[in-house]
Amino acid sequence: MDREVLKGIPLFSELSNKDLEKIGQVASKQRYHKDNLILIEEEIGSTMFVILSGRVKISRISDDGREVILSILSEGDFFGEMSLLDGQTRSANVTAIEESELMVIRREDFLQMLRDYPQIAINLLKELAQRIRKSDEHIKSLSLQDATGRVASTLLRIAEDSGVFRRGQVEISELPLQQDLANMAGTSRETISRVIKSLMVQGYLKKEKGKIIILDYEKFKSIFSR
Ligand code: CMP
């Protein structure tokens, strides 16, 4: 794989051209269409992935059959590392939510990379630390907040992951479907629509051409990020 493609990936940041060249030699590319299942929970893992383009959702199915979305990952993010590191089965399902191109690395090559390039291991640990922080926030919002708080926290999570910040506002485009939002917030579709309407009436949000705009991000965050 071309080293220029690898240069922009945070996991490989600070590596020399020579090292990127070597990494490119052990990686391959795979394309997935929208709604294709990439990884299945409980299966044995033998590869990890880096997203070159597109977006995927990480989800699990609850005991009563509902889907819970743990995260949405996009260009530059990686997944599938957990089962390679701890030898257990896949911890979640991963599905393409857009046409996606992925870089695929086999288990032995990935583990050898971590031994050969400590910088990759440090970059990986940094990202895992951030994922634990996000999960902690999520658990807090699920256990402590009412429906409005949970929907608002979910919007903040999406804004921080993929929002466009401009003059104090955040534009969230390509917002997940209301059902996806509900699955992220741990609530129903009806509640999502009711809460978004109420946040609009209260002047916190605006809808524009399929986008949701948080009108004053700092204020929104200070009120709902508790
Ligand atoms: P693995 O368990 O091999 O397969 C499923 C992948 O989903 C997992 O590796 C992680 O890469 C990813 N994953 C699981 N939980 C989360 C989470 N809370 N946030 C982001 N990614 C996750």
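Two helices count as roughly perpendicular when the angle between their axes is 65 to 115 degrees. With that cut-off in mind, this tour goes through a predicted model, beginning with a pair of helices that the term describes.

Select helix 6, residues 147–162, together with helix 7, residues 178–185, and look at how their axes come within 9 Å and cross at roughly 105°. That angle lies inside the range, and helix 6 and helix 7 are therefore roughly perpendicular to each other. To see what makes the contact, show the side chains of Arg150, Val151, Thr154, Leu155, Arg157 and Ile158 on helix 6, and those of Leu181, Met184 and Ala185 on helix 7. Sorted by character, the residues of this contact are 6 nonpolar, 1 polar and 2 charged.

Keep helix 7 in view and add helix 8, residues 189–201, which has 13 residues and reaches 19 Å from its first C-alpha to its last, close to the 18 Å expected at 1.5 Å a residue. The axes of helix 7 and helix 8 come within 8 Å and cross at roughly 95°, which makes helix 7 roughly perpendicular to helix 8 as well. Here Gln178, Gln179, Leu181, Ala182 and Ala185 of helix 7 meet Arg189, Ile192, Ser193 and Ile196 of helix 8, and the residues of the contact divide into 5 nonpolar, 3 polar and 1 charged.

Now turn the view until you look down the axis of helix 8. Which of its residues are buried? They are Thr191, Ile192, Val195, Ile196 and Leu199, and seen from this direction the buried residues of helix 8 fall within an arc of 125°, so they line one face of the helix. An α-helix has 3.6 residues a turn, so residues three or four places apart point the same way. The face turned away from the buried side of helix 8 carries the exposed residues Glu190, Arg194, Lys197 and Val201. Among the elements that the buried residues of helix 8 pack against are helix 6, helix 7 and helix 9 (217–224). Just after helix 8, stop at Gly203, which takes a positive phi of about 85°.

For the last stop, select helix 4, residues 107–116, where Asp109, Phe110, Met113 and Leu114 are buried. Viewed down the axis of helix 4, these buried residues fall within an arc of 140°, so they too line one face of their helix. To find what covers them, display the surroundings, including helix 2 (17–26), strand 3 (47–53), helix 3 (82–86), strand 8 (100–106) and helix 5 (118–144).

How values were computed
Residues numbered from 1 in each chain as written. Predicted model: local features only at pLDDT ≥ 70, side-chain atom pairs only at ≥ 80, totals over all residues. Heavy atoms only, no water. Axes fitted to C-alpha atoms, helices over the stretch in contact; angles between N-to-C directions. Helix = DSSP H or I, 4+ residues; strand = E, 2+ residues; numbered from the N terminus. Parallel < 35°, antiparallel > 145°, perpendicular 65-115°, else oblique. Contact = heavy atoms within 4.5 Å. Nonpolar A, V, L, I, M, F, W, Y, C, P; charged D, E, K, R; others polar. Expected span 1.5 Å × (residues − 1). Buried < 20%, exposed > 50% of the residue type's maximum accessible area, 1.4 Å probe, protein only. Arc of directions from axis to C-beta.
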